[in-house]
Amino acid sequence: MDILANIFQSILDMGAAVFLPIVLTIIGIIVGLKPAKSFSSGLTLGVAFIGISLVIDFMGTTVGTASQEFVTNLGIQLNALDMGWAPALGLAWTWRYAFLMFPVQIGLNILLLIIGWTATLNVDMWNVANKIFTAYIVSSVTGNAIIGFAVAIVQIIAELKNADATKNQLQELTGIPGVSMPHPMFLSNIIFYPISRLLDKVPFMRKTVNVETLQEKIGIFGETHVMGFIIGTLVGLFGGQGIQSLMTGVQAGAALTLFPMVSKLFMTALTPISDAANNYIKKKFPGRDLVIGLDWPILAGNSEIWVAIIFTIPVALGMSLILPENIVLPFGNLMNVCVCAAAFISCKGNLKKMLFISWIMVPILLWSASSFAPMLTQLAIDNGTSLPDGQLMAWWGMDISEIRWAIVEALQGNIFGYIGVIGLIVLSFFYFKWQKEEEYNAGIRMGIIDN
């Protein structure tokens, strides 16, 4: 048993690029796809994840490094260092009860599929770590791991229901059929979507501006590679790079050009398995549909996300320097996806609304990161990490940071936490009601639903 556990953990440690192709290959064979075709589709998915990761890392080491140089030049010191999402979630795996979350998520997903409460088969096993993180921080403030797991179970169910409620919209935005996104970051749309609806009442915000419309309005300056060059060069200049800022500009332009190219691999990989899975389900369970739940990178080909991220970087760095009660310097996670990718869905790619939501979320992300820093630091110390006196570890850009903050504060008896949780429950009721209408309209536009 220990040998099997070690093999499983070793494969998981390699990340989504290895684990998910194995899972997708097995699913393809189960639903009747030929083994060779299943293997090819699964491997293509792994290639897509590697490609997206390379471009994201490339963007982080170019634009991100230039941004950090700007802060370094100012000589500002904040005692909580943002480690980024990967180390933070990796740290979550060190929690003593982490191993239990796998059977909890898989078992609950299968149960909900059997009784018809979800149409999403979540194969994104890497993000089990996000549920572990939630369980850990809840158990840290309550002293009770059972309460931690109870909150994590609610999160699992909410992720699946949200994935079901947005699958048609996802297909419309990406062109990839038969997939959904049960990633926790999209639960933030419970808040972002109402904001997006309110912004529709503002004439300036109502009209959609995306990369395509920018190209129509400002010509060459709206083309993604030119826009990336301009933004990257400006960031480099502010970072004090001098003539080297031109290289940063070219690198940023390259990243924005490569994202859509690499993202096409997701459609190549997933379409055969999606078609086979739905044919299988229709035979076994007439009238039922099945969608494959995947990680957020299937959205990565949409340039609006990256434009919003780049324009949010200077706001995040500037705000971190002046925001009262903030102790976190955004560093490892400057290419913050959790807000911009989620807002892309709620705002239907409208850059103006995406930027508005991203900017108003900056102080919330900073305060949340500051609040959770002692918990992350304690977990690191418990696992033998040695830190200088006064140094804390933090996670800027934490998924659903506002939701986690409200829950933790409510569990500690904070009145603002109670207000936050009650507000989330009320917003959730209206959010899922609105999503039914959005799904119906998206289904009609794509011909999935007959008018």
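**Exercise 1.** Leaving aside its neighbours within four places in sequence, which residues is Asp164 in contact with? Then work out why Asp164 has no salt bridge.

*Solution.* Keep in mind that this is a predicted model.

- Step 1: Start by locating Asp164, which is found in helix H7 (residues 145–174).
- Step 2: Beyond those sequence neighbours, Asp164 is in contact with Trp117, Thr118, Ala119, Thr120 and Glu439.
- Step 3: One of these partners offers a backbone atom: the nitrogen of Ala119 lies 3.2 Å from a polar atom of the Asp164 side chain.
- Step 4: Now look for opposite charge. The nearest such side chain is that of Lys161, 4.6 Å away from the buried Asp164. A salt bridge needs the nitrogen and oxygen within 4 Å, so Asp164 has none.

**Exercise 2.** Helix H7 also holds Glu159 and Glu172. Find the salt bridge partner of Glu159 and of Glu172.

*Solution.*

- Step 1: Glu159 pairs with Lys131, with the closest N and O atoms 2.9 Å apart. Lys131 sits in helix H6 (residues 128–142), 28 residues away in sequence. Both Lys131 and Glu159 are buried.
- Step 2: Glu172 pairs with Arg445, and here the closest N and O atoms are 2.6 Å apart. Arg445 belongs to helix H17 (residues 415–446), so this pair ties together parts 273 residues apart in sequence.
- Step 3: Glu172 has 32% relative accessibility, so Glu172 counts as partly exposed.

**Exercise 3.** Is Lys353 buried or exposed? Which residue does Lys353 meet in a salt bridge?

*Solution.*

- Step 1: Lys353 has a relative accessible area of 4%, so Lys353 is buried.
- Step 2: Its salt bridge partner is Asp200, at 2.8 Å from N to O.

Conventions: Residues numbered from 1 in each chain as written. Predicted model: local features only at pLDDT ≥ 70, side-chain atom pairs only at ≥ 80, totals over all residues. Heavy atoms only, no water. Helix = DSSP H or I, 4+ residues; strand = E, 2+ residues; numbered from the N terminus. Buried < 20%, exposed > 50% of the residue type's maximum accessible area, 1.4 Å probe, protein only. Lys, Arg positive; Asp, Glu negative; His and termini not counted. Polar contact = N/O pair within 3.5 Å; in protein donor to acceptor, adjacent residues only side chain to side chain. Contact = heavy atoms within 4.5 Å.
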